[in-house]
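Dear colleague,

I am handing over the structure we spoke about, and you will find the sequence and the model directly below. After that I set out what was found, going from the whole chain to single residues.

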Amino acid sequence: MYIEQGYKGNLGVWNFFLIPVGFMLFMVFNYFSTLMLVEEQGQSVEEIMAQMIEMMGKMPFLIVNLLVFVVGLASIFVWVKYIHQQSITSLTTSRRKIDWKRIGFMFIFWASISAATMLLSVYSSPENFEYNLNWSKFIPLVVVSFLLFPFQTSFEEYLFRGQLLQGLGILTKTRWVPFFLTSVLFGVMHAANPEVEKLGMEIMVYYIGTGLLLGAMTLLDEGLELALGFHAANNITAALMVTSTWTAIQTDSVFLDVSQPSFGLVDMLPIVVGYPIILLILAKIYKWSNWKEKLFGKVLSKEEFDNLNAS
């Protein structure tokens, strides 16, 4: 009963929304500030980012952007542990202890699939990629990626699939409302990314679809562990394997994507077909059952949850 773990804190349901709402207001401010800057300078987001990267360098630019999430994750942990007085474990999982094996398995599982998919794309369409490996830059990138990307991805998971999922579930006493709403908000959060400007709103299918996958993992497995592993693997593998000149994350990766940016029906297939297959594989491994209740059922009241724990 992952959502019900939120009852273990000492404050009301309002506390679950303070940091998420603050972060989303910041993202709205960032979105409109970006639009104003684009209009004022007469340049695209891609061109503005290129200037900043040229001025700072790819690695310092990446580090500065990721350090924001170190502060963000620390803020969530401090708030939850010392203000709300809920354990980090109960924000993470319904299990007695955080299952690090689940995080590790999901990281290796998705990193392997992602890397294989990227390599397949490179070798099936070599004209779309340039070999970009420079060991003097790549090794520091590996170190920075494994040190800092987990803060970024964990911040987003604890914000959306942690605080918001538990808070909305307790507020509405439903599972489907937080499941869908957090997935949509997760997608909207990426609206200011240069990918949206370059590919159009169709790319939101990817962001929202990924949010639905991560939300389903969390509810079906009754914990954040699989989502934490998946998200970290996704971003680290992308940063190390393939970059381009128009994405939010630009690194000294192994390959540079020089193809004409596009996102169509073919690009949606991995989301529409691949993501459900991943859930089925995980269901087999972790013996998930009662999907309907876990995804769309009711959330217990605090009294019901306390009585269940006392019995």
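How many helices and strands does the secondary structure of the protein chain come to? The count is 13 helices and 3 strands. Please keep in mind while reading that this is a predicted model, and that the values below were computed from it.

**The chain as a whole**

The radius of gyration of the protein chain is 20 Å, which agrees with the value near 19 Å that a compact globule of 311 residues would have. Taken along the principal axes, the box filled by the C-alpha atoms is roughly 65 × 45 × 35 Å. Of the 311 residues in the protein chain, 50% are buried, and the chain exposes about 15400 Å², of which carbon and sulfur atoms supply 68%. If one takes the contacts between residues at least 6 apart in sequence, 79% of them join residues at least 24 apart. As for charge, the protein chain carries 19 positive and 24 negative side chains, and the centres of these two sets lie 16 Å apart.

**The sheet**

The strands form an open sheet of 3 strands in the order E1-E3-E2, and the pairing in it is mixed. Strand E1 (129-131) and strand E2 (242-243) stand at the edges with a single partner strand each, so one side of each is left without a neighbour in the sheet. Strand E1 and strand E3 (residues 255-257) run antiparallel and are joined by 3 bridges. If you would like a place to look at in the viewer, Glu130 stands opposite Leu256 in E3.

**Around helix H4 and the loop that follows**

Two residues here can be read together, beginning with Thr92, which has its place in helix H4. Is Thr92 buried or exposed? With a relative accessible area of 0%, Thr92 is buried. Leaving aside residues up to four places away in sequence, Thr92 touches Tyr2, Ile98, Tyr158, Gly223, Leu224, Glu225 and Leu228. Thr34, by contrast, is 58 residues from Thr92 in sequence and 33 Å from it in space, C-alpha to C-alpha.

Arg95 lies in the loop between helix H4 (88-92) and helix H5 (100-124), and a relative accessibility of 23% makes it count as partly exposed. Which residues does Arg95 touch, not counting those up to four places away in sequence? They are Thr89, Arg102, Asp221, Glu222, Gly223 and Glu225. Although Arg95 and Gly223 are 128 residues apart in sequence, their C-alpha atoms are 7.5 Å apart in space. Gly223 and Glu225 are thus among the residues touched by Thr92, and they are also among those touched by Arg95.

**Two residues with positive phi**

Glu222, which was named above among the contacts of Arg95, is a residue other than glycine with a positive phi, near 55°. Glu222 has its place in the loop between helix H9 (204-221) and helix H10 (225-241), and with a relative accessible area of 12% it is buried. Lys173 likewise is not a glycine and has a positive phi, of about 60°. The place of Lys173 is in the loop between helix H6 (135-172) and helix H7 (176-189), where Lys173 is partly exposed, with a relative accessible area of 32%.

**Helix H6 and helix H11**

Leu159 lies in helix H6 and is buried, its relative accessible area being 0%. When residues up to four places away in sequence are not counted, Leu159 touches Ile19, Pro20, Phe23, Ile76 and Leu164. The C-alpha atoms of Leu159 and Gly72 are separated by 9.3 Å, while the two residues are 87 apart along the chain.

Asp267, finally, has its place in helix H11 (residues 265-286). Asp267 is partly exposed, with a relative accessible area of 33%. From Asp267 to Val205 there are 62 residues in sequence and 9.7 Å in space, C-alpha to C-alpha.

With kind regards

Definitions and conventions
Residues are numbered from 1 along each chain as its sequence is written. This is a predicted model: local features need pLDDT of at least 70, side-chain atom pairs count only at pLDDT 80 or more; totals for chains, interfaces and linings use all residues. Side-chain values use heavy atoms; hydrogens and water are left out. Two strands pair if DSSP finds at least two bridges between them. Helices (H or I, at least four residues) and strands (E, at least two) are DSSP runs, numbered from the N terminus. The radius of gyration is taken over C-alpha atoms; the globule rule is 2.2 Å times the number of residues to the power 0.38. Buried means under 20% relative accessible area, exposed over 50%, partly exposed in between (1.4 Å probe, protein chains only). Contact means heavy atoms within 4.5 Å. Accessible areas come from the Shrake-Rupley method with a 1.4 Å probe; for residues, only the protein chains shown count as cover. Lys and Arg count as positive and Asp and Glu as negative; His and the chain ends are not counted. The place of a charge is taken as NZ of Lys, CZ of Arg, CG of Asp or CD of Glu.
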